[in-house]
Amino acid sequence: MGKYILKRLVMTLFVIVGAAILIFSIMYFVPGDPVTILMGSEASPAELEAKRVQLGLTDPYLIRLGKFLSNTFFHMDLGTSWFRGVPVLTELTGRFPRTLFLGIMFVIISTAVALPLGITAAIHQNGWQDRVCMVVAMVCTSVPDFWLALMMVYLFSLKLGWLPSFGIEQWQCYIMPVIAGSLHGIGQLARQTRSSMLDVCRADFVTTARAKGLPEKRVIYSHMLPNALIPVITIIGGSFGRSIAGTIIIEQVFSMPGIGSYITTAITGRDYPVVQGCVIVLAIFIAVVMLLVDLVYAYVDPRIKAQYVAQSKRRSK
């Protein structure tokens, strides 16, 4: 089991370093001159060139890449914003908890709503309950989150005045962002839960449990659901990572000071250190989440654990 964890950790490190190299290369080769945007059109050629030298933009690609990787992974320095003059890591430290809170709420709401929908649809296969649950899941999957967010702002803020349309000062500020960001996860997770439950509902161990006279609820929640969790865990873990990245749109619509609004402003202004730092932090977070999902696999599914135990015994012999 220890070797399995070590293997996943090594793969996670490769993914993070690969993401850092990729985002640096994209920002390096993207057309346009960020110094012109930073200095303005009134700056002289000599001033522009001096600024490029100051920012290290005149160095070759490999030298700049080496400095970037060294500062990022050995010195924990993500650079300083060209426009704000504030270290990127300092800004991310203050903004990431808000984005993380939104992502956690997305996953909690999605899971709490989607699991009962999927289970209900599976145990009433082809019945009206199944059709209603799948229609709800299809609507949740199909509705764009940014469109729903804008419609909610229009209805509940501008027309009815029930909820604030932006900010983080009150707990009511989080109601519309959480609902808008959770819908896609509800639809996807409900459909996967239904499919996984249908795969195990006719298994031999389920037939045996019913033959023993166990209550149907115990058969569903103690026998069927645990064995259907593997693909569901995959969807939950993936949706967690996507929720963190997806807050970019939600935070922009609701003017929430998180990573989403930070990176959007940086992309518009060609603030390369901010874009690179945000992407690396998001890549690290998503890689860690997927690592935890893999470890939960090994805990939930005894076949994975048995595979590595058997390999260890063969090597010891």
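Hi everyone, this is a short walk through a pocket, a surface patch and one buried residue in a predicted model.

Residues are numbered from 1 along each chain as its sequence is written, and side-chain values use heavy atoms, without hydrogens and water. As the model is predicted, local features need pLDDT of at least 70 and side-chain atom pairs count only at pLDDT 80 or more, while totals for chains, interfaces and linings use all residues.

Let's start with the pocket. A pocket here is an open set of points on a 1 Å grid over the protein atoms alone, where a 1.4 Å probe fits, with protein on both sides within 12 Å along at least five of seven lines; lining residues have an atom within 4 Å of a point. The largest one has a volume of about 440 Å³, taken as the space filled by probe spheres set on the points. Its lining has 18 residues, and Leu-55, Phe-68, Asn-71, Pro-273 and Gln-276 lie nearest the centre. Two elements give two or more residues each: helix H4 (61–73) and helix H13 (272–300). H4 has the largest share, with five residues.

Next, the surface. Ile-5, Leu-6, Leu-9, Val-10 and Phe-14 make a nonpolar patch of about 460 Å². Ile-5 sits in helix H1 (residues 2–29) and has a relative accessible area of 31%.

And which residue is buried? That is Ser-110, at 6% relative accessibility, where buried means under 20%. Ser-110 belongs to helix H5 (residues 88–123). From Ser-110 to Gln-188 is 78 residues in sequence, but 9.1 Å in space, C-alpha to C-alpha.

Technical notes
Helix = DSSP H or I, 4+ residues; strand = E, 2+ residues; numbered from the N terminus. Patch = residues over 30% accessible without salt bridge, like charges linked within 9 Å, V, L, I, M, F, W, Y side chains within 5 Å. Areas by Shrake-Rupley, 256 points an atom, 1.4 Å probe, with all protein chains shown as cover. Salt bridge = Lys/Arg side-chain N within 4 Å of Asp/Glu carboxyl O. Buried < 20%, exposed > 50% of the residue type's maximum accessible area, 1.4 Å probe, protein only.
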